[in-house]
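Visitor: Could you take me slowly through one part of this protein, the surroundings of its ligand, and then show me how that part sits in the rest of the fold? I am in my first year, so please go step by step.

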Amino acid sequence: MDNPRAFFRQQTILLTGGTGVLGGCLLYKLTMKLDTRKIYAVVRGSTEAAISQWKETMPEHIEDMLATKKIELVLGDMTKHGFGIEEAILREMASSVTVIIHAAANINWLSTMPLKETTSNNCLPVLRLAEVAATFGKLAKFVFISTTYANSFLPDGIVEEKIYPVGDPEQHLAQILSEGKVSKGVDSGFASPYTFAKHLAEQLLLSRNPRLPILIVRPSTIGPAVSEPHPYYYRRGSCPASDYIERYMSAPDSGIVHVSPHCPDGTNVYDEIPVDMVANLTLLHIMHGTVGIVQAGAESYVKRTMAHFHQDIIDHFPHQDGARGPEFHYVTDKSIKQGRYAEFGKIWARDWCFSNAASKSFRSVKGPLSIALGDHDAAEKFMKERARRISEEVVRRRASKNSERSSVNFFI
Ligand SMILES: NC(=O)c1ccc[n+]([C@@H]2O[C@H](COP(=O)([O-])OP(=O)(O)OC[C@H]3O[C@@H](n4cnc5c(N)ncnc54)[C@H](OP(=O)(O)O)[C@@H]3O)[C@@H](O)[C@H]2O)c1
């Protein structure tokens, strides 16, 4: 199958997380670029709240997307029994849905959300959804959006598109549900409870559902779009590096960052990928019938280093008085206190190399799902404009009385 429009014209999709940065981009692609037959988009709270979220993130497109009449908004909450979805709609979906894309998550990265709660948000829903999916008569693909950092316990080096088991996931889950924690040391190497919950979700999803056609997509850090729904499309609080920069611009810290001894100059890969590339890769893998695990990161986009990222901040992101930002200092001596934001960006100081081998053949794809970059200039032009937009946002928020910044999370 080479024609994405012809393929998606035959698909009925159940999408969770459609108001999120990735889900919104997927929804745009599915309705406006792929002529998908129908999309059940599960949204929380109210349909008005979902539409107002889309009006904020893609004001120029949402009316046209809704006008296609391809989107059916379904009220639901993935943490609730039966997902809080009306029985009749569940039955309708069971007889028509061909592809499930589960992109809903609570991605709060460095929150103090306890392991049990993040497991309820980021592990249990996908397991329950898989149980329900087993009753869907026409289902051809079950997609779970995970994260490359589901393996953040690994040492620096290559991370393949495979499971790296840590003990018995059933036992870990049972212990979390009964005691709220796992045995000492089991999750200590992970970047956060969220990443451990995703790790468990991946393993349990695969081990419990050997007959389900499962595709696990692991994006690395998601960044603003190259082009779709529009250049620089993002959702505030959902693109960690943009949020990091916004914080740094508002109140720079000492710039001291702990680095690995083998990358003392910050030459480790800083792994970020624009959201529309993650969406296109996901849809390409669905169309090509991929099962198993695929990663979507800088290897499919542009590989830059943490030092490049920091230099971008220095060069393009002026501070209050318009002066150049302060320098960053890399130290291997952990007894030196690092800057207050370094903890937020700690995964960018690691030297993982996330393999994107499964997507290699897609680099030459043309058409609506192309991941070709054309004249996109990731280092210069894109960063400058991204900086300008973030500056505007900072100024706007500073000017507004309500400069409360708590909605910006740090996650992956
Ligand atoms: N952003 C990144 O850098 C990144 C990196 C790697 C992997 N990922 C993964 O990519 C996927 C998409 O994330 P994203 O960046 O698009 O996140 P996002 O912008 O925060 O969106 C999360 C989405 O999930 C929905 N949601 C959360 N809890 C829900 C629940 N209980 N019931 C129903 N919907 C719920 C949210 O709805 P509301 O609008 O109502 O909040 C929103 O639509 C997630 O699986 C995430 O783990 C993200």
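Guide: Pro 229 is found in the loop between β8 and α10 (240-250), and in this predicted model the peptide bond that joins Glu 228 to Pro 229 is cis, with an omega of about 0°. Strand β8 (221-223), at the start of that loop, leads us to the ligand, for β8, together with α2 (21-33) and α9 (193-208), supplies at least two residues of the shell around the ligand, as each of these three elements does.

That shell holds 28 residues, and the closest to the ligand are Thr 19, Arg 44, Asp 77, Tyr 194 and Ser 238. Sorted by character, the residues of the shell divide into 14 nonpolar, 10 polar and four charged. If you look at individual atoms, you will find a polar side-chain atom of Asp 77 lying 2.8 Å from a nitrogen atom of the ligand, while an N or O atom in the side chain of Arg 235 is 3.0 Å from an oxygen atom of the ligand. Gly 20 takes part through its backbone, where an N or O atom lies 3.0 Å from an oxygen atom of the ligand. On its own the ligand has 900 Å² of accessible area, and the protein covers 92% of this.

Now let us step back to the sheet. Seven strands form an open sheet with parallel pairing, and their order is β3-β2-β1-β4-β5-β7-β12. Because β3 (71-75) and β12 (292-296) stand at the edges, each with a single partner strand, one side of each is left without a neighbour in the sheet. From one strand to the next, the twist averages 20°. Within this sheet, β4 (residues 99-102) and β5 (residues 141-145) run parallel and are joined by four bridges; Val 99, for instance, has Lys 141 in β5 as its bridge partner. Helix α3 (residues 47-57) packs on the sheet, where it touches β2 (38-43) and β3, and the direction of α3 makes about 125° with that of β3.

Two loops that border these strands each deserve a careful look at the backbone. In the loop between α2 and β2 lies Asp 35, which has a positive phi of about 60° although it is not a glycine. Phe 83, placed in the loop between β3 and α5 (87-96), likewise has a positive phi of about 60° without being a glycine.

Definitions and conventions
Residues are numbered from 1 along each chain as its sequence is written. This is a predicted model: local features need pLDDT of at least 70, side-chain atom pairs count only at pLDDT 80 or more; totals for chains, interfaces and linings use all residues. Side-chain values use heavy atoms; hydrogens and water are left out. A residue is near a molecule or strand if one of its heavy atoms lies within 4 Å of it. A polar contact is a pair of N or O atoms within 3.5 Å; within protein, one must be able to donate a hydrogen and the other to accept it, and residues adjacent in sequence count only if both atoms are side-chain atoms. Accessible areas come from the Shrake-Rupley method with a 1.4 Å probe; for residues, only the protein chains shown count as cover. Ala, Val, Leu, Ile, Met, Phe, Trp, Tyr, Cys and Pro count as nonpolar, Asp, Glu, Lys and Arg as charged, and the others, Gly among them, as polar. Two strands pair if DSSP finds at least two bridges between them. Axes are lines fitted to C-alpha atoms, for helices over the stretch in contact, and angles run from 0 to 180 degrees between N-to-C directions. Contact means heavy atoms within 4.5 Å.
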